[in-house]
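Work through the exercises below with the model open beside you. Try each task before reading its solution.

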Amino acid sequence: MISLLDDIDVQQAFAAHLRRLRRQARLSRDALAERSGVPASTIKKFELTGQISFRQLLLLWQSLDDLRRLYALTRHSPGESGMPSSIDEVLKNDL
């Protein structure tokens with residue numbers, strides 16, 4: 001499957017999403033650090049670069065969003081998404 005996304009795009013999207021949730025919850029980085037157990041300096045680095053360990057990402061997500069939403073991404077097989085899995089499918093469906 002062809003994708004124009006790379007790992008950096010996804011890292012930055014996760015960082016932006018969680019930063020937005022943190023701000024909507026009116027939490028400082030220090031308050032989120034206390035709530036999640038992830039150091040404030042790590043949260044700052046994540047928000048700026050998108051770099052974080054998977055475990056710490058899960059801790060932040062759990063503190064700001066429903067972890068079941070993230071877990072649900074693992075419950076679908078590739079063909080169930082409705083997204084084309086080949087260029088032939090894209091051309092056939094005029095996408």
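The exercises go from the whole chain to one helix pair and then to the core; the model is a predicted one.

**Exercise 1.** State how many helices and strands the chain has, and what share of its residues is buried.

Solution. Begin with the secondary structure: six helices and zero strands. Read from the N terminus, the order of elements is α-α-α-α-α-α. Next, take burial, where a residue counts as buried under 20% relative accessible area. Of the 95 residues in the chain, 24% are buried. Last, the accessible surface is about 7,100 Å², and carbon and sulfur atoms hold 54% of that surface.

**Exercise 2.** Describe how helix H1 and helix H4 cross, and name the residues in contact.

Solution. Locate H1 at residues 7-24 and H4 at residues 54-64. Their axes come within 10 Å and cross at roughly 35 degrees. The crossing is left-handed. On H1, the contact residues are Phe14, His17, Leu18, Leu21 and Arg22; on H4, they are Leu57, Leu60, Trp61 and Leu64. Sorted by class, this contact has seven nonpolar residues, one polar and one charged.

**Exercise 3.** Find which helix gives the most residues to the largest nonpolar core, and list what Leu60 touches.

Solution. The core has 14 residues, and those touching the most other members are Leu18, Leu32, Ile43, Phe46, Leu60 and Leu64. At least two residues each come from H1, H2 (29-36), H3 (40-49) and H4. H4 gives the most, with four residues. Leaving out residues up to four places away in sequence, Leu60 touches Leu18, Leu32, Ser36, Val38, Ile43, Phe46 and Ile52.

How values were computed: Residues numbered from 1 in each chain as written. Predicted model: local features only at pLDDT ≥ 70, side-chain atom pairs only at ≥ 80, totals over all residues. Heavy atoms only, no water. Axes fitted to C-alpha atoms, helices over the stretch in contact; angles between N-to-C directions. Left-handed = near helix turned anticlockwise from the far one by under 90°. Contact = heavy atoms within 4.5 Å. Nonpolar A, V, L, I, M, F, W, Y, C, P; charged D, E, K, R; others polar. Buried < 20%, exposed > 50% of the residue type's maximum accessible area, 1.4 Å probe, protein only. Areas by Shrake-Rupley, 256 points an atom, 1.4 Å probe, with all protein chains shown as cover. Core = buried A, V, L, I, M, F, W, Y, C linked by side-chain atoms within 4.5 Å.
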